[in-house]
Amino acid sequence: MDEQQSVKRSDFFMGTSFYLNGNARFVSQNIRDLGSKFQIKMVEQSNSPIACREGFAFEFLDAMDQQFHLGGKVQVDVLGINGKNSPDIQIRDRFSGNVIREQQHKRSAGLADNAAKSGAYGNQEIRTPKQQAQSPKNSNVQESNVSAQQVSEGAKRPLKAIRQYQIKSAIVEVSHAAATGAVAGGTVAILLSGLTHFLAVERGEIELDQAIVATFLSGLEGALTGGVSSAAFAAIPAFLPVLVPVLHIVSASLVALGAYQLVTQIGQILDHHSLTQCNAVLRTIHHQESKFFEARAQRVVNYLLS
């Protein structure tokens, strides 16, 4: 792959993956927002009993964990409503805004069992931490992916717990961008290389097996280029979210410019093919005319010498 063309395509891959990576980027952003709210809540509850602090820690840790695992199609919110029997967490469809489910959180399995048995929380899902000394007995109680030990540690060191989820979501965001960029890079490289080499096969310049190998190698190189460039570009909003508005503008320009360059390059390949075929026809005609006039000239010479 030509180095200059590879750089141009990298711009296109970065811009494209930025938009296709919107769900993963939202997950990181919402986990950061939940983490900020968690930190504020822990400061407010600094003088509260440990059981109360752990209750709030469970809500926020479970919210971040669910957002991480459910992905960017939904938005998980800690409501912070103190009304009687009000839900602790609400999960909505991010695009329609419709509420998917509401949840009530109980720090201990015993309290969760009682809440589920009472029916006071309506259709709310009752959740409690996993790996407690006593597991919930009521089948309507759901155990969270967050363990009782994580809740205890999170109540004592909230910043550490927040940072762990932020790092995990940032890694997923960058990995997702790399995968998207690799797919886009490989696809574009195969398209351009395949077009170039299989047209060369049609012109009789190379053999079919050579075209297949060259296209395959170009696809690998394009996938590597797209993956690396997209991952590097995604690392900026993942670790410096304040730059996301700027990157929206930059990525739009990269997509537009890259698409124009892609179309231009396809046009150049087709033009080169047409020109090469035209030159081949002209060479054939010139060769035939030369042979014709050489034969006529030879006949004249033979006649004069006879």
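**Exercise 1. Place a loop residue and judge its exposure.**

Gln131 lies in the loop between β4 (125-130) and β5 (141-147). Before going on, keep in mind that this is a predicted model. Your task: is Gln131 buried or exposed, and what is the sign of its phi?

*Solution.*
- Step 1. Start with the backbone: Gln131 is not a glycine, yet its phi is positive, at about 60°.
- Step 2. Now look at the surface. The relative accessibility of Gln131 is 61%, and exposed means over 50%.
- Step 3. Gln131 therefore counts as exposed.

**Exercise 2. Take stock of the whole chain.**

How many helices and strands does the protein have, and in what order do the elements run?

*Solution.*
- Step 1. Count the elements: there are 8 helices and 5 strands.
- Step 2. Read them from the N terminus: α-α-α-β-β-β-α-β-β-α-α-α-α.
- Step 3. Add the burial: 41% of the 306 residues count as buried.
- Step 4. Finish with the outside. The accessible surface is about 17100 Å², and carbon and sulfur atoms hold 59% of this area.

**Exercise 3. Lay out the sheet.**

Which strands stand at the edges of the sheet, and how are the strands paired?

*Solution.*
- Step 1. Line up the strands. The open sheet has 5 of them, in the order β1-β2-β3-β4-β5, with mixed pairing.
- Step 2. Find the edges. β1 (74-78) and β5 each have a single partner strand, so one side of each lacks a neighbour in the sheet.
- Step 3. Check the twist: neighbouring strands are turned by 30° against each other on average, direction ignored.
- Step 4. Follow the pairs. β1 and β2 run antiparallel and are joined by 5 bridges; here Val74 has Asp93 in β2 as its bridge partner.
- Step 5. Move along to β2 (residues 89-93) and β3 (residues 99-105), an antiparallel pair with 4 bridges. Ile91 stands opposite Arg101 in β3.

**Exercise 4. Look at both sides of β1.**

Which residues of β1 point one way, and which the other way?

*Solution.*
- Step 1. Recall the general pattern: in a regular strand, side chains alternate between the two faces of the sheet.
- Step 2. Apply this to β1: Val74, Val76 and Val78 point one way, while Gln75 and Asp77 point the other way.
- Step 3. Compare with burial. β1 is mostly covered, with 5 of its 5 residues buried.

**Exercise 5. Explain a buried lysine.**

Why does Lys106 count as buried, and which residues is Lys106 in contact with?

*Solution.*
- Step 1. Locate the residue: Lys106 sits in the loop between β3 and α4.
- Step 2. Because its relative accessibility is 17%, Lys106 counts as buried; the cut-off for buried is under 20%.
- Step 3. List the surroundings. Beyond neighbours within four places in sequence, the contacts of Lys106 include Phe58, Leu111, Ala115, Tyr121, Ile126 and Pro129.
- Step 4. Look at the helix that follows in the model: α4 (residues 109-118) lies across β4 and β5, at about 165° to β4.

**Exercise 6. Describe three helix pairs.**

A general reminder first: two packed helices are described by the angle between their axes and the distance between the axes. How do α2 and α3, α2 and α6, and α3 and α5 lie to each other?

*Solution.*
- Step 1. Take α2 (residues 22-44) and α3. Their angle is about 175° and their axes are 9 Å apart; α2 and α3 are therefore roughly antiparallel. This contact divides into 13 nonpolar, 3 polar and 3 charged residues.
- Step 2. Take α2 and α6 (residues 158-202). Here too the angle is about 175°, with axes 9 Å apart, and the two helices are therefore roughly antiparallel. The contact of α2 with α6 has 10 nonpolar, 6 polar and 3 charged residues.
- Step 3. Take α3 (residues 50-70) and α5 (residues 148-156). Their angle is about 110° and their axes are 8 Å apart. These helices are therefore roughly perpendicular.
- Step 4. Name the residues of that last contact: Ile50, Arg53, Glu54, Ala57, Phe58 and Leu61 in α3 meet Gln150, Val151, Ser152, Gly154 and Ala155 in α5. By class, the α3 and α5 contact has 6 nonpolar, 3 polar and 2 charged residues.

Conventions
Residues numbered from 1 in each chain as written. Predicted model: local features only at pLDDT ≥ 70, side-chain atom pairs only at ≥ 80, totals over all residues. Heavy atoms only, no water. Axes fitted to C-alpha atoms, helices over the stretch in contact; angles between N-to-C directions. Parallel < 35°, antiparallel > 145°, perpendicular 65-115°, else oblique. Nonpolar A, V, L, I, M, F, W, Y, C, P; charged D, E, K, R; others polar. Buried < 20%, exposed > 50% of the residue type's maximum accessible area, 1.4 Å probe, protein only. Pairing = 2+ DSSP bridges. Contact = heavy atoms within 4.5 Å. Areas by Shrake-Rupley, 256 points an atom, 1.4 Å probe, with all protein chains shown as cover.
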